[in-house]
Amino acid sequence: MKYLDIAMEAAKSLGADYADIRIQRSTTETIYLHNLSLKNTSTDILDGYGVRVFKDGAWGFAHSNVFTDDQVAATVKRALEIARLSAKAKKGKGLVLAEERSYIASYRTPVKCDPFSLPLKEKVDLMLEVNRMMMSFEGIRQAVFYLLSHKDEKLFASTLGTRLDVITQFIDPMITATAVWEGDSQSRTFDEGGRAVGWEWVTELGLLDKAKQIAEEALIKVKADTLKEEARRTLILDPNHLGLTMHESVGHATELDRVLGWEADYAGISFATPEKLGNYKYGSDLVNFVGDNTLCEGLATAGFDDDGVPNQRWFIIRDGVLNEYGSTRDTAPQIGLRYSRGCNRATSYLNQPINRIPNLYLLPGEKELTPAQLIGDTDDGVYIQGRGSFSIDQHRVNFQFGGDFFWEVKNGKLSRPLKKVLYKSCNPEFWGSCDAICDERFWKPFGVVNCGKGQPNQTGRMTHGAAPARFRNIRVGGSQ
Amino acid sequence: MKSKYEKIAEFVKKHVKADDYSLRIAARSSHETRFAQNAITQHIAGDNVDIDLEVAFGNKTGRCSINQTDNEALTQLIKRAEEMAAINEPDPEYVESAGAAAYPELANASPATLALAPKQMVEIIRQSIANGEKLGATVSGMTEKHFMQIHASTKNGFSGYHELSEFGHSMTLKKEHIETKVSFSSKDFGTFKLEEEIAQLNGQFQSLSDPQPFTAGKVPVIIRPDALMEFYWFMLWMMNRRQSDEGLTAFTDQIGKKFMGEKFSLLSTLKDKELVTAPFSWDNVVSEETYWVRDGVVETMPTPRYWAKLKNLKPAAPFNVFIPGGKATEEEMMKLVPRGLIVNRFWYIRPVDMKTGELTGMTRDGVLYFEDGKVKHAVNNLRFNEIPHDTTRRLLALGESVLTDSSVKLPAVLVDNFNFVDTTSF
């Protein structure tokens with residue numbers, strides 16, 4: 001596209017130390033079905049370009065939705081002017097960028113059936129059928145099916161000579177049944193958090209069976225007992241739940257921009273500071289976390305990040321010890337790293353990219369262990385499925401999580417359903433208390449497509465994964 | 001610029017074939033400068049427009065939005081929305097678009113904000129950093145200005161336009177264990193006084209110098225306005241008329257009842273000139289002076305147009321938040337209880353249980369312990385599990401209402417027996 005060349009030539013002639021342009025069209029299809037009423041069926045298209053200019057150790061970023069030669073050149077000029085203004089408030093000589101070479105490449109999310117080319121009726125028919133299934137249960141007062149499909153089409157060029165052509169997309173079906181009974185209401189949700197695939201995945205999920213299951217479980221949940229008093233108990237957490245736990249307590253804690261204090265004003269900083277690299281015991285010896293933007297069907301998998309750095313796989317926590325961070329070209333040199341791990345991503349064309357959590361997962365246990373054996377080996381505990389309430393401090397140390405469905409475990413058996421369960425823990429106590437992880441047969445990926453971070457706020461996406469795991473001696477109790 | 005949006009509206013009106021439509025155009029021009037650890041880290045400028053069209057054939061709807069304004073793009077916008085509606089399933093809860101209505105003329109855009117130059121914004125940051133460096137601390141924050149133009153029109157004759165501006169500046173000061181923050185947000189840059197913000201920030205910073213451990217429990221707490229905004233925002237979010245009527249929230253069957261404490265009122269107001277006040281909602285409900293809660297009695301709740309039609313109610317949407325305050329100063333509040341805490345801000349508030357309205361969250365940016373009417377020392381951060389509507393029944397005193405966000409004005413309050421359930425490790 002000619003605008004890539006116009007922008008790069010303008011940046012060079014104006015004297016930019018480095019510049020890139022990201023032309024991006026983001027298309028989002030949303031279908032929201034509430035109690036058989038289609039509350040929103042929409043397609044949103046955001047089309048434009050953002051230009052980053054690096055000058056004298058500082059960034060300027062300007063964006064526009066007007067596609068003309070003059071406007072592209074004017075946007076580059078504006079970005080340069082802003083970079084010069086930024087340089088008036090820099091520390092020392094300012095930022096430096098990690099080394100990188102040029103690439104000419106393309107990437108496509110592997111999609112068999114593109115939801116954007118599928119007739120709307122086919123999608124809505126399935127959604128109505130699923131909704132009817134949930135509404136057919138007496139006591140279910142609210143049935144929701146939310147289907148989100150998203151596609152990003154990007155062209156990227158940098159003054160390093162890189163030219164990228166990247167199309168990524170994901171789909172995320174979510175169904176919720178809410179039961180009302182004797183003055184209480186409780187919900188149960190099926191949501192795998194989105195995956196970088198097409199409609200074929202939705203048809204493989206067996207959503208009618210899931211609808212029946214969650215409606216039945218919502219009715220069980222609303223009538224279930226609560227735990228009341230908080231006590232030290234054993235927790236067994238399913239992979240979906242662990243996806244959120246690791247996102248909050250490991251993923252955000254190991255973003256290098258937070259470690260450096262760049263998010264101090266809003267999203268927060270991190271306790272996992274650089275002097276802890278290689279020596280801080282973050283978890284038990286069983287705990288291995290991998291950052292992997294090469295993960296097949298991963299939401300952060302895109303071939304390259306928005307710095308033009310190729311996707312990579314690396315250990316963030318190895319044998320329980322903090323090993324490395326997720327980094328970008330401007331954060332990596334701050335702790336002496338020569339190269340970025342390729343974690344710089346923007347939500348849409350009008351966002352300056354920021355340091356993001358990569359696809360991040362907990363490796364499965366090496367010894368054969370099934371979930372049934374894990375529960376069978378637990379005398380007294382609580383088994384939590386799915387995601388619920390979550391809250392963590394701005395240093396990523398102390399947290400409280402709920403869940404979506406709970407079972408009390410007694411003498412190796414699921415003894416009774418529970419509701420309103422909460423647990424409180426902190427780093428490194430929580431991951432240090434992990435004493436068993438099921439094997440790779442039970443490892444499952446779960447996505448996050450609404451990770452809020454930054455000022456102005458951006459919404460990021462990444463995939464997490466785990467096998468069911470057990471944690472000892474955690475404070476577990478009920479809400480008020 | 002207004003005429004540009006009128007032209008788009010004319011084009012849509014002329015070319016839409018559907019039985020009904022609602023058009024909303026939101027244009028935004030922004031300049032946003034982030035700084036952290038005493039240096040600018042991000043610096044963003046640009047304009048964008050969102051053109052959102054919903055159409056209906058009978059009760060079959062389709063919606064599309066784009067950010068391109070040429071006729072070809074607008075033609076595609078209409079085509080996509082109409083194609084979607086034509087093949088969609090009927091929506092039994094569809095409500096026709098709003099008809100012609102008069103809406104209040106409000107001054108939401110400030111000339112001082114519009115005139116603010118990027119150079120001035122950088123100078124504000126340089127002075128903020130200089131203050132941090134003088135204290136041997138780091139300062140992080142964001143300085144931003146926005147100008148927005150909103151146009152709305154419908155097939156049934158609603159037509160509206162309004163403009164608004166916003167200026168914001170925040171500063172988080174950090175030195176070793178001390179972290180504290182101030183933030184300013186208003187439609188009018190002319191009311192911003194950096195020296196006052198810095199004085200407040202430095203005052204908070206000094207007060208946090210000697211933290212002592214504090215054990216969680218039920219304790220009287222002075223919740224400063226920024227913290228109260230975060231806490232009560234979730235309560236307003238849960239006050240949905242339909243969800244309450246369906247038995248899903250704590251507000252079920254509470255209309256007309258003294259469900260909250262009598263010291264507590266909550267309204268959206270057209271009368272306060274400092275507040276940004278949208279004259280009509282995203283669904284074209286015209287803003288009217290509305291008490292959601294008056295002296296503890298729940299008078300009404302935000303009510304979507306479909307639910308209003310079904311239940312023969314008036315549709316209502318919150319367009320700003322105003323909690324009338326009292327006259328108590330912090331010093332006077334401290335004398336009303338033997339001991340307690342003062343909270344600057346809350347952080348990461350999330351619902352724990354929708355039916356009871358219970359929330360969890362933590363303190364952030366400074367907690368102070370007071371005893372015998374005087375601040376004694378800072379304490380560690382704490383986690384709470386609390387029910388906001390329940391805390392209105394435990395209000396002991398209210399301070400003067402102040403602007404915490406361009407569309408939010410509320411007081412500091414003294415709440416008895418606030419339920420802290422855990423301490424954090426810093």
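The following exchange introduces a predicted model of two chains, A and B.

Biologist: How many helices and strands are there in chain B, and what share of its residues counts as buried?

Modeller: Chain B holds 10 helices and 19 strands. Of its 426 residues, those that count as buried make up 51%.

Biologist: Which radius of gyration does chain B have, and what would a compact globule have?

Modeller: Along its principal axes, the C-alpha trace of chain B spans about 70 × 55 × 35 Å. A compact globule with 426 residues would have a radius of gyration near 22 Å. Chain B agrees with this, at 24 Å.

Biologist: Among contacts in chain B between residues at least 6 apart in sequence, what percentage joins residues at least 24 apart?

Modeller: The contacts considered here are those in chain B between residues at least 6 apart in sequence. Among them, the share joining residues at least 24 apart is 72%.

Biologist: How many residues of chain B are in contact with chain A, and which strand of chain B gives the largest share?

Modeller: On the side of chain B, 71 residues are in contact with 65 residues of chain A. These residues of chain B divide into 26 nonpolar, 26 polar and 19 charged. The largest share, 10 residues, comes from residues 39-57 of chain B, that is, strand 2.

Biologist: Which residue of chain B is the bridge partner of T43(A)?

Modeller: Strand 2 of chain A, residues 37-55, pairs with strand 3 of chain B, residues 60-66, in the parallel sense over 3 bridges. In strand 3 of chain B, the partner of T43(A) is C64(B).

Biologist: Where is the place of G58(B), and is this residue buried or exposed?

Modeller: G58(B) lies in the loop between strand 2 and strand 3 of chain B. Leaving aside neighbours within four places in sequence, G58(B) is in contact with D19(B) and P90(B). Because 12 other C-beta atoms lie within 10 Å of G58(B), this residue counts as exposed.

Biologist: How far apart in space are G58(B) and T172(B)?

Modeller: In sequence, G58(B) and T172(B) are 114 residues apart. In space, C-alpha to C-alpha, the separation of G58(B) and T172(B) is 53 Å.

Biologist: Turning to chain A, which are the edge strands of the open sheet ordered 11-10-9-14-23-22?

Modeller: This sheet of chain A has 6 strands, and the pairing is mixed. Within it, strand 9, residues 289-292, and strand 14, residues 360-362, run antiparallel and are joined by 3 bridges. In that pair, G291(A) stands opposite L360(A). An edge strand here pairs on one side only, and the two in question are strand 11 (321-322) and strand 22 (444-453) of chain A.

Biologist: At about what angle does helix 6 of chain A run to strand 23 of chain A?

Modeller: Helix 6, residues 239-251 of chain A, lies across several strands of chain A, including strand 9, strand 10 and strand 14. Strand 23, residues 458-466, is also one of those it lies across, and helix 6 of chain A runs to strand 23 of chain A at about 120 degrees.

Biologist: What span does helix 5 of chain A reach, and what covers its buried residues?

Modeller: Helix 5 of chain A, residues 207-222, has 16 residues and reaches 22 Å from its first C-alpha to its last, close to the 22 Å expected at 1.5 Å a residue. Its buried residues include L207(A), A211(A), I214(A) and V222(A). Among the elements of chain A that cover the buried residues are helix 3 (120-135), strand 5 (140-158) and strand 6 (163-181).

Biologist: Which residue in strand 24 of chain A is the bridge partner of L235(A)?

Modeller: Strand 8, residues 231-237, and strand 24, residues 469-478, of chain A run antiparallel and are joined by 6 bridges. In this pair R232(A) stands opposite R475(A). The partner of L235(A) in strand 24 of chain A is F471(A).

Biologist: Which residue of strand 15 of chain A stands opposite L235(A)?

Modeller: Strand 8 of chain A is joined to strand 15, residues 380-385 of chain A, by 4 bridges, and the two run parallel. Opposite L235(A) in strand 15 of chain A stands V382(A).

Biologist: Which residue in strand 24 of chain A is the bridge partner of C434(A)?

Modeller: Strand 21 of chain A, residues 434-437, runs antiparallel to strand 24 of chain A, with 3 bridges. In strand 24 of chain A, the partner of C434(A) is F471(A).

Key
Residues are numbered from 1 along each chain as its sequence is written. Chains are lettered from A and ligands numbered from 1 in the order in which they are written. This is a predicted model: local features need pLDDT of at least 70, side-chain atom pairs count only at pLDDT 80 or more; totals for chains, interfaces and linings use all residues. Two residues are in contact if their C-beta atoms, placed from the backbone, lie within 7 Å. Ala, Val, Leu, Ile, Met, Phe, Trp, Tyr, Cys and Pro count as nonpolar, Asp, Glu, Lys and Arg as charged, and the others, Gly among them, as polar. Two strands pair if DSSP finds at least two bridges between them. The radius of gyration is taken over C-alpha atoms; the globule rule is 2.2 Å times the number of residues to the power 0.38. A residue is buried if 20 or more other C-beta atoms lie within 10 Å of its own, exposed if 12 or fewer, and partly exposed in between; C-beta atoms are placed from the backbone. Axes are lines fitted to C-alpha atoms, for helices over the stretch in contact, and angles run from 0 to 180 degrees between N-to-C directions. The expected span of a helix is 1.5 Å times one less than its number of residues.
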